[in-house]
Amino acid sequence: MKTLNDFNFKDKRALIRVDFNVPLDEQFNVTDDTRIAAAKPTIIKILEDGGSCILMSHLGRPKGVQEEFSLKHILKNVEQIIGVETIFVSDCIGEEAQAAADNLQPGQILLLENLRFFKEEEAGDKDFAEKLSKLGDIYVNDAFGTAHRAHASTAVIAQFFPEKKCFGYLLAQEIESINKVMESGEKPVLAVLGGAKVSSKITIIENILDKVDHLIIGGGMTFTFIKAQGGSVGDSICEDDKMELALEILKMAEAKNVKVHLPVDVVAADAFSNDANTQIVKVTDIPDGWQGLDAGPESIKNFHDVVLQSKTILWNGPLGVFEMENFANGTIELGNSIAEATKNGAFSLVGGGDSVSAVKQFGFEDKVSYVSTGGGAMLESLEGKTLPGIAAILE
């Protein structure tokens with residue numbers, strides 16, 4: 001696996017695929033600059049070698065050229081975070097972009113315009129990829145968030161750099177973290193899967209049963225499993241058409257010696273509202289008109305014990321409706337348990353949109369080993385799929 005450390009970038013132009021697809025408010029201010037900050041170590045290493053950086057990214061889902069999706073809106077954030085004045089060019093191929101790249105001096109940064117202003121980017125067009133490739137000497141992919149897409153700038157472009165392509169620090173770290181959970185993790189290995197639906201996690205569960213020793217199932221998924229086993233779930237979210245599958249998963253886990261841990265009690269509410277009346281009930285005895293919205297105290301205690309005996313932990317999905325303060329306790333307490341296990345030497349990886357949001361919201365970012373930046377890419381990795389952006393560098 002070639003990384004930045006395999007190259008000296010002195011007097012070289014590094015063409016870097018970054019993931020600067022950041023959220024903007026109505027005044028085009030960046031509201032979360034995590035993804036820009038995540039690319040900083042890669043950019044700094046290249047500049048310190050004596051090279052220059054050409055940054056290419058997409059932003060949003062524009063239909064052709066749309067001013068509100070221009071990367072010029074994030075230019076000042078890039079300059080502030082990297083600490084280097086950055087040149088912006090209002091195209092990503094063509095004469096203007098090529099001239100800006102050709103004139104780039106060591107230590108300088110060039111930010112190209114939104115790749116998705118060209119439909120050829122998402123189409124994986126070879127000619128478009130070749131034009132992009134002419135801008136740099138070495139191709140660096142540091143965009144894990146788009147590694148599952150076979151786009152021109154993430155997968156197709158790599159063929160034009162047969163010997164001069166590598167992973168940036170961020171992407172390399174993402175790959176290593178997932179491998180730690182899926183391949184080389186110290187046992188016991190625990191996966192915590194939460195979220196609303198079993199259907200969205202089926203392929204992950206099937207793929208990880210060979211890798212883990214313990215599986216905690218929480219969140220709305222719980223109730224499909226509980227109802228399938230004959231429990232009463234009241235008005236809780238439940239996929240009736242997936243109950244057979246839930247029973248199959250439990251059988252598969254048993255056959256593979258994986259211990260499955262489901263909640264034993266829940267915080268039930270009489271409405272889907274933070275102001276609803278609540279009661280703690282057994283997960284198998286939720287009354288009609290009530291719905292489980294968080295893990296109960298007994299479940300939290302059980303999960304804590306499982307987390308603390310684990311040496312490798314994957315956390316994907318919350319244990320309750322953490323966006324509502326009164327149903328956030330299960331997710332917060334799980335975060336506390338994982339933080340404690342990490343402090344004791346366990347390796348913990350958090351990935352997937354909702355769990356990453358929860359980790360940020362409740363201040364666990366620095367208390368776990370690694371927080372993945374790629375939602376869809378992370379999930380496809382856990383499903384055992386080969387990601388085109390990664391395969392292109394390894395070829």
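Me: What makes Leu75, Val78, Glu79, Ile109, Leu110 and Leu111 count as residues that Thr86 touches?

Reply: Contact means heavy atoms within 4.5 Å. In this predicted model, Thr86 touches Leu75, Val78, Glu79, Ile109, Leu110 and Leu111, leaving aside residues up to four places away in sequence.

Me: Why is Thr86 called buried?

Reply: Its relative accessible area is 6%. Buried means under 20%, so Thr86 gets that label. As for its place, Thr86 sits in strand β3, which covers residues 86–89.

Me: What makes the link from the side chain of Thr86 to the backbone oxygen of Val84 a polar contact?

Reply: The distance is 3.1 Å. The cut-off for such a pair of N or O atoms is within 3.5 Å, so this one passes.

Me: How do you know that β16 and β17 pair?

Reply: Pairing takes at least two bridges. Strand β16 (residues 347–350) is joined to β17 by 2 bridges, so they pair, and they run parallel. Across from Tyr370 in β17 stands Leu349.

Me: What is the strand order of the open sheet of 6 strands?

Reply: The order is β10-β8-β7-β15-β16-β17, with parallel pairing.

Me: Why are β10 and β17 called edge strands?

Reply: Each pairs on one side only, and that goes for both β10 (259–261) and β17 (370–371).

Me: Which strands does helix α11 lie across?

Reply: Helix α11 (residues 297–308) lies across β7, β8, β10 and β15, and runs at about 150° to β8. Helix α12 (residues 329–343) packs on the sheet too, touching β7, β15 and β16, with its direction at about 155° to that of β15.

How values were computed: Residues numbered from 1 in each chain as written. Predicted model: local features only at pLDDT ≥ 70, side-chain atom pairs only at ≥ 80, totals over all residues. Heavy atoms only, no water. Helix = DSSP H or I, 4+ residues; strand = E, 2+ residues; numbered from the N terminus. Buried < 20%, exposed > 50% of the residue type's maximum accessible area, 1.4 Å probe, protein only. Polar contact = N/O pair within 3.5 Å; in protein donor to acceptor, adjacent residues only side chain to side chain. Axes fitted to C-alpha atoms, helices over the stretch in contact; angles between N-to-C directions.
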